[in-house]
Amino acid sequence: MINSDKIIGIMGGTFNPIHKGHTGIARCAYEQSDIDEILFMPSGTPAYKDNSPIVSATDRCNMVKLAIKPFDYMSLSTIETDRPGNTYTADTLAQIYDSYKKYIL
């Protein structure tokens, strides 16, 4: 998991599938800011999407791991895929803030 002294960025989405556009946006954010680490956070059960065509959370997390492997400042967070029920960004950010007491960019 992340060090609480770091400034983190969050790249969230279903990543169904993840692609070079996702990693490209994260890379640009990292290169143009003071972000120390970027968390790729696959959605668990998105509350506002039809979930029928979404690949399993395990498979999406594995795809993210493979896609971010070349980037040492990118990591996978399973905070949403580990939580049961619908996932809401506001709940996730509150949980991260409570855990690390840092501003989220």
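1. Start with Phe15. In this predicted model, and leaving aside neighbours within four places in sequence, Phe15 is in contact with His22, Phe40, Met41, Pro42, Arg60, Met63 and Val64. Phe15 is found in the loop between β1 and α1. Is Phe15 buried or exposed? Its relative accessibility is 2%, so Phe15 counts as buried, the cut-off being under 20%.

2. The backbone around Phe15 deserves a look. Most residues other than glycine have a negative phi, and most peptide bonds are trans. Phe15 is not a glycine, yet its phi is positive, at about 50 degrees. A cis peptide bond joins Asn16 and Pro17, with omega about 10 degrees. Pro17 is found in the loop between β1 and α1.

3. Next, the overall layout. The protein has three helices and five strands. Along the sequence they follow the pattern β-α-β-β-α-β-β-α. Of the 105 residues in the protein, 35% are buried. The accessible surface comes to about 6,400 Å². Carbon and sulfur atoms account for 53% of that surface. Take the contacts between residues at least 6 apart in sequence: 72% of them join residues at least 24 apart.

4. Strand β2 covers residues 37-42. Why can β2 be called largely enclosed by the rest of the structure? Six of its six residues are buried, so the strand is largely enclosed. In a regular strand the side chains alternate between the two faces of the sheet. In β2, Glu37, Leu39 and Met41 point one way. Ile38, Phe40 and Pro42 point the other way. Both sets are buried.

5. Which strands pair with β2? One is β1, residues 8-13, which runs parallel to β2 and is joined to it by six bridges. Another is β4, residues 74-76, which pairs with β2 in the parallel sense over three bridges. Ile38 shows both pairings. Gly9 stands opposite Ile38, and in β4 the bridge partner of Ile38 is Met74.

6. The link from β1 to β2 involves a helix. Helix α1 spans residues 20-31. Together, β1, α1 and β2 make a right-handed β-α-β unit.

7. Now the nonpolar interior. Nonpolar side chains tend to be buried together in soluble globular proteins. Here the largest nonpolar core has twelve residues: Met11, Phe15, Ile18, Ala26, Ile35, Ile38, Phe40, Val64, Ile68, Phe71, Tyr73 and Met74. Two elements, β2 and α2 (57-68), give two or more residues to this core. A second, separate core has five residues, among them Ile8, Leu39, Ile79 and Ile96.

8. Phe40 lies in strand β2. Its relative accessible area is 0%, so Phe40 is buried. What does Phe40 touch, not counting residues up to four places away in sequence? The list is Met11, Phe15, Ile18, His22, Thr23, Ala26, Val64, Ile68, Met74, Ser75, Leu76 and Ser77. The C-alpha atoms of Phe40 and His22 are separated by 9.2 Å, with their positions 18 residues apart along the chain.

9. Leu39 is also found in strand β2. Leu39 has 2% relative accessibility and therefore counts as buried. The C-alpha atoms of Leu39 and Gly12 are separated by 8.0 Å. Along the chain these two are 27 residues apart. Leu39 belongs to the second core, whereas Phe40 belongs to the largest one.

10. Thr23 sits in helix α1. With a relative accessible area of 8%, Thr23 is buried. Beyond residues up to four places away in sequence, Thr23 touches Ile18, Phe40, Ala67, Ile68, Phe71 and Met74. Several names recur from the largest core, including Ile18, Phe40, Ile68, Phe71 and Met74.

11. Last, Thr87. Its place is in strand β5, residues 86-87. The relative accessible area of Thr87 is 7%, so this residue is buried. Which backbone atom does the side chain of Thr87 reach at 3.5 Å? The answer is the backbone nitrogen of Gly44. Not counting residues up to four places away in sequence, Thr87 touches Ser43, Gly44, Thr45, Pro46, Ala47 and Glu80.

Definitions and conventions:
Residues numbered from 1 in each chain as written. Predicted model: local features only at pLDDT ≥ 70, side-chain atom pairs only at ≥ 80, totals over all residues. Heavy atoms only, no water. Buried < 20%, exposed > 50% of the residue type's maximum accessible area, 1.4 Å probe, protein only. Helix = DSSP H or I, 4+ residues; strand = E, 2+ residues; numbered from the N terminus. Pairing = 2+ DSSP bridges. Right-handed = clockwise from strand over helix to strand, strands pointing away. Polar contact = N/O pair within 3.5 Å; in protein donor to acceptor, adjacent residues only side chain to side chain. Contact = heavy atoms within 4.5 Å. Areas by Shrake-Rupley, 256 points an atom, 1.4 Å probe, with all protein chains shown as cover. Core = buried A, V, L, I, M, F, W, Y, C linked by side-chain atoms within 4.5 Å.
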